[in-house]
Structure formats: structure tokens, C-alpha cells
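Q: Please take a close look at the loops of this model and at what surrounds them. I would like the backbone angles, the burial and the contacts in one connected account.

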Amino acid sequence: TKGLKMSRNLAFVKCLPLGLLCCFCAFAQGQTEPLKRNVLVLNSYHLAYPWTSEVVRGVASVLTTQPFEVELWTEFLDAKRVAAPGAFEAFRSFLVGKYDGIRMDLIIASDDEAAAFLLQHRLDAFGDVPVVFCGVSDEKLLRQLPRTTFTGVRENFDTERLVRFAAGVFPGTELMVVVTDHSANGAGVKK
């Protein structure tokens, strides 16, 4: 599993400079002095979750090498631990208040819940800001993301292939148990 997480992170970090270039080129035209860019990383989970900390670390490593100043902001939906009804709406209100007067130039969405949140609340919370996503695996969600403002790296996790592989490694296994959580990713694995 660590190899899959690392390869997802590596693919995202490789695609991030292209996404940044595309999003920032329009702002750079006609500018004689570099402007500070505001980039928000919206994480689906909490910082102690390995995937989240790797994404934040990877994004920060790329942003520090840009030829312009970047102010990196990070937020955490904490969707694996907080799934109360109305949590997204409360979080949207928090973000609107916190970032009032701060214009984001780019939002990076880490995983399904962050992308779903931005699909629903991006315009009223941040305006028409471009989004680069990573780790999104929900096919329905991917189809809903408008390609004019959302681009990114799709997570392709082949559950059936993994189960077949495990059965081949342990022939004669009669019962296989898969443990997931109640997140969007966990629901996708159950399908």
C-alpha cells in the first residue's frame, strides 16, 4: 500500500508544475514585478494521515522552487473522522470568514472529499478559482468536475485485481475480509 501511495504522490508532484504554469501564466502577462500567489491545499483528511502529509510536503517542495513568491495555505476537511450532517456547510462558512479579502490563485484538492466539497462550494467560498486535484477515484465525481476549472490526477485503484493477486499468493483461502472506513474511498472499495 505504501508503494501505491508513493506512486500517487509522485504522479501528482510531477503534474503539479504543469498545473501551476497553466494557472499562473495568465497572471504573469504584462507584470514587471512578480506578484505573490496564494495557493490553498484542501485536504480530505487530517495531517496525521500519511497520504495527506505526503501531499502537503510534495506541494510545498514544488512551490518553493517557483520563480515567484507563493503563500501556501492548508486546510483539512478531516472527513475520515468527522462525517456529521452539515459539516461541509459549517466548514464552508469557516473558510469564507477566514479567507475574506484573500484571493486564492489556485486550490489543490487532495482526494475525493476535497474535490466534492469544492464542486459544491468553490464558487461561493472562493470565486472562480482553478482547481488541481489528486487522488480522486470516484467515477461519478470525476464526470461532474467541470474541465474548464478542474484538472488533476485520477486515482486508479483496481480492487478486483488486488483481491485476485492476494488469492493467488494464498491459494486455498476460503474467506477474505476487507476492512474499510465510511469515507467516499471506503465506499468505492466496497463496490
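A: F157 sits in the loop that runs between β5 (150-154) and α6 (159-169) of this predicted model. With a relative accessible area of 35%, F157 is partly exposed, because the partly exposed class covers values between 20% and 50%. F157 also contributes to a nonpolar surface patch of about 520 Å², made together with L162, F165, V169 and F170.

Another loop, between β2 (70-76) and α3 (87-98), holds D78. D78 is not a glycine, yet its phi is positive, at about 60 degrees. Its relative accessibility is 15%, so D78 counts as buried, the cut-off being under 20%.

The loop between β3 and α4 (112-126) is the place of D111. D111 also has a positive phi, near 85 degrees, in a residue other than glycine. The relative accessible area of D111 is 0%, so D111 is buried.

The strand that leads into this part is β3, which spans residues 106-110 and includes S110. S110 has 1% relative accessibility and therefore counts as buried. Which residues is S110 in contact with, leaving aside its neighbours within four places in sequence? They are L42, N43, S44, W51, V55 and C134. With W51, one of these residues, S110 makes a polar contact from side chain to side chain, at 3.3 Å.

In short, D78 is buried at 15% relative accessibility and D111 at 0%, whereas F157 is partly exposed.

Key:
Residues numbered from 1 in each chain as written. Predicted model: local features only at pLDDT ≥ 70, side-chain atom pairs only at ≥ 80, totals over all residues. Heavy atoms only, no water. Helix = DSSP H or I, 4+ residues; strand = E, 2+ residues; numbered from the N terminus. Buried < 20%, exposed > 50% of the residue type's maximum accessible area, 1.4 Å probe, protein only. Polar contact = N/O pair within 3.5 Å; in protein donor to acceptor, adjacent residues only side chain to side chain. Contact = heavy atoms within 4.5 Å. Patch = residues over 30% accessible without salt bridge, like charges linked within 9 Å, V, L, I, M, F, W, Y side chains within 5 Å. Areas by Shrake-Rupley, 256 points an atom, 1.4 Å probe, with all protein chains shown as cover. Salt bridge = Lys/Arg side-chain N within 4 Å of Asp/Glu carboxyl O.
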